[in-house]
Amino acid sequence: MALGWMAFILFGGCSIALENTKTLTVSQRCMKDTNTFLWEIKQDRPKEYAVLMYDAFGKLGSNVEGGNANQPGLLQQCRSAHGPAFSGQYCQVFLRQGTVQYFVGICVPDSCGEDDVEMLVLYGRLQFGKMSLIPPLPPILVNQSTQEMIMTHCLPNTIAPDASDVTCLFVCCTMVAIPLAATLFTAIIRWHRNREVSPTAASSCLNTGLNLYGTLKTNSSSSSDINSSTSEENSSQGTRRTPLRFPQSCVYRCLQAFSLQTTSQGVLSTSSSIPGGGYSSLNGIRVLSLLWIMCGHSAQFPVINNLDNYKNWKKTVESSPLHVLSISGPVFLAVDTFLLLGGLLSARSLLGSINRAEDKLSPSLIANYLFRRIKRIQPLHLFIMCLTISLISLIQWGPYSFPFIDALMDCKTYWWANLLLISNLLPVHEICIPWTWYLSLDFQCYATTPLLVYFYRLNRGVFVVVAGGLLLMTTVVSAVITALLQLPVFQPSTLTSENYVLYYYVKPHTRYGPFLVGILTGIYLTTKKNQLLKQKWQAVLGWLCCLSLMAVVVGLAYVLRETPAHPSVPHALYQGLHRPLWALAVTWIIVACEEGYGGFIKSLLSQGFWVPLSNISFACYLTHPVFIILYIGLQETPIHYTDLNFMYMFLGHLVLTLVVGYVFTVLVEKPYLLLKWSST
């Protein structure tokens, strides 16, 4: 979910009517350069820089009724203008006129700061003759003729990274350089070994036989894993040459774990990626859920402020079955599927560790269980955080980047919350890398698995009471919050209900239900002795209930999609129940596939081509919003909605995400998974 956090940024300031309400305070140089520009454009033959600056001002376009109120102008053209003592600087003036909120791109001298620009706009100094360079929308389109200024924002002409930007860039370069150096080191070792074991030309039959024996013996050794001993190679070469010896030190093991020769193995394999085997349907479920989320983000991010026909988009998607694939609500049921899978695999992993520890649930085992999870998610998470901070400072963004970049700037203040995995507990507009709220939620839920497993092993009755109480709690809390705050059942793309994200969407006490269902499913599948389904009619009934339940959950989102004007019982009940019910339906699919009643659905979800995509799914989840933001943030003109345009955007984001996701998996994510802290 990545829309709500922008509602606090876009058009969030106080309004000031465009009239003389303050004392004019503009720097002397800014005023002088502005007057020079304004004087020049009034000449019969103005200089080129003045023409470029004037032409770069935003102009009213067509289809204002359809949502094309923004007037971005031309950023690069503004920057290309060079006057006698100044250059063009692109700024945005955010305005409200009646119920319409929009921005106008203007080109002013680079000697002006944002406060100067605000004063120039408020006092109406930006005029061409008697005509304002920032004219209001015509009354035929808007009932209110008075413009209110919300804020001004200027895009710098130069890149000026600070210490935090340089630090983050250094961290990213280091995290990439270590695997590359380890790869080179490993290649040198293998080349040296191959050189040491190559046969020596012989001049006699005896020497030929000895060399053949030595070659066979050393080739056998060289084909083994790179961590194996080199004693056989040494003996085969005798005393003629002393090969390099590489001790099994901590540094050596780390280099092996980080080398691409090691990390790339198995990533593109079509063999099951689930530890311990089984659960073959999980790969397909995971990838399809990821694609669903990517599709939703690809369609939603441009809608925030980058469409020239937003109202047409809204009307089209809300009357089309593709609604479920393009706007929030049903799209983000895929997040609940991720939570379900996380709970299932966490329970299975912990129970497996207990069995290997002679059936003991010790504090050290729990600590190791949590440490493995941190090692699994944090390296890539922190890498993406540092990469994003670096990109903010190193890229010259376009006019549509403002709500995204301003939100991402919170990283420099609240990075510690990502490090501690508590970012979802902060106000949503303070979350660094907003889409990573899920990682914090996932780890908080993950930390509850040992407690539930403890109660399961202690007493089944106590376990049922605790699990039932937790499920009831998250259901009731969600319903009560929805009723009291009059929340919608999902965050609308119009960003009209910030409270939905602030108090409901990212909080563990409202989102725990699907993870709990996953834990229960994992315990059942790991400890079951007999099949749940014994006859075909049970499977048929289960599939009918499962598919009907999914249809009802998705369908009711259409019916209840409007934000209630007063406390609504239907909205509250749906909010409290729909996520656990969705998780229960997906659980049925997993159980039915595991017990042999999945049919063609199991065949589809268990196909081998899902496995490599599943292996890189974590990296893809973290990186795909970066590509979407880059695409939107570098645009100088609005995007026009058509199904074809949006399909191409999604496919473009998908291809880039898969390629870079693979690279980040083998360079950043997998080395830490393979890293062992002991030689055993």
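The following paragraphs lead through three parts of a predicted model: a pair of strands, an enclosed helix and a nonpolar patch on the surface.

A good place to begin is strand S2, residues 88–97, which pairs with strand S3 in the antiparallel sense over 10 bridges. Within this pairing, phenylalanine 94 stands opposite phenylalanine 103 of S3. The two strands form a hairpin with two residues between them, and in this hairpin glycine 98 takes a positive phi near 70°. Strand S3 itself, which runs over residues 100–109, is mostly covered, since eight of its 10 residues are buried.

Farther along the chain numbering comes helix H18, residues 437–446, where 10 of the 10 residues are buried, so the helix is largely enclosed by the rest of the structure. Its buried residues include Trp437, Tyr438, Leu439 and Phe443, and also Ser440, Asp442 and Gln444. The cover over these buried residues includes helix H14 (333–356) and helix H15 (363–394), together with helix H19 (449–458), helix H21 (498–505), helix H22 (508–527) and helix H27 (617–633).

The last part to consider lies at the surface, where Leu472, Val476, Val480, Leu484, Leu485 and Tyr503 make a nonpolar patch of about 560 Å². Helix H20, which spans residues 460–485, provides the largest share of this patch with five residues. Leucine 472 has its place in this helix, H20, and it counts as exposed because its relative accessible area is 56%, where the cut-off for exposed is over 50%.

Note on methods. Residues numbered from 1 in each chain as written. Predicted model: local features only at pLDDT ≥ 70, side-chain atom pairs only at ≥ 80, totals over all residues. Heavy atoms only, no water. Buried < 20%, exposed > 50% of the residue type's maximum accessible area, 1.4 Å probe, protein only. Helix = DSSP H or I, 4+ residues; strand = E, 2+ residues; numbered from the N terminus. Pairing = 2+ DSSP bridges. Patch = residues over 30% accessible without salt bridge, like charges linked within 9 Å, V, L, I, M, F, W, Y side chains within 5 Å. Areas by Shrake-Rupley, 256 points an atom, 1.4 Å probe, with all protein chains shown as cover. Salt bridge = Lys/Arg side-chain N within 4 Å of Asp/Glu carboxyl O. Contact = heavy atoms within 4.5 Å.
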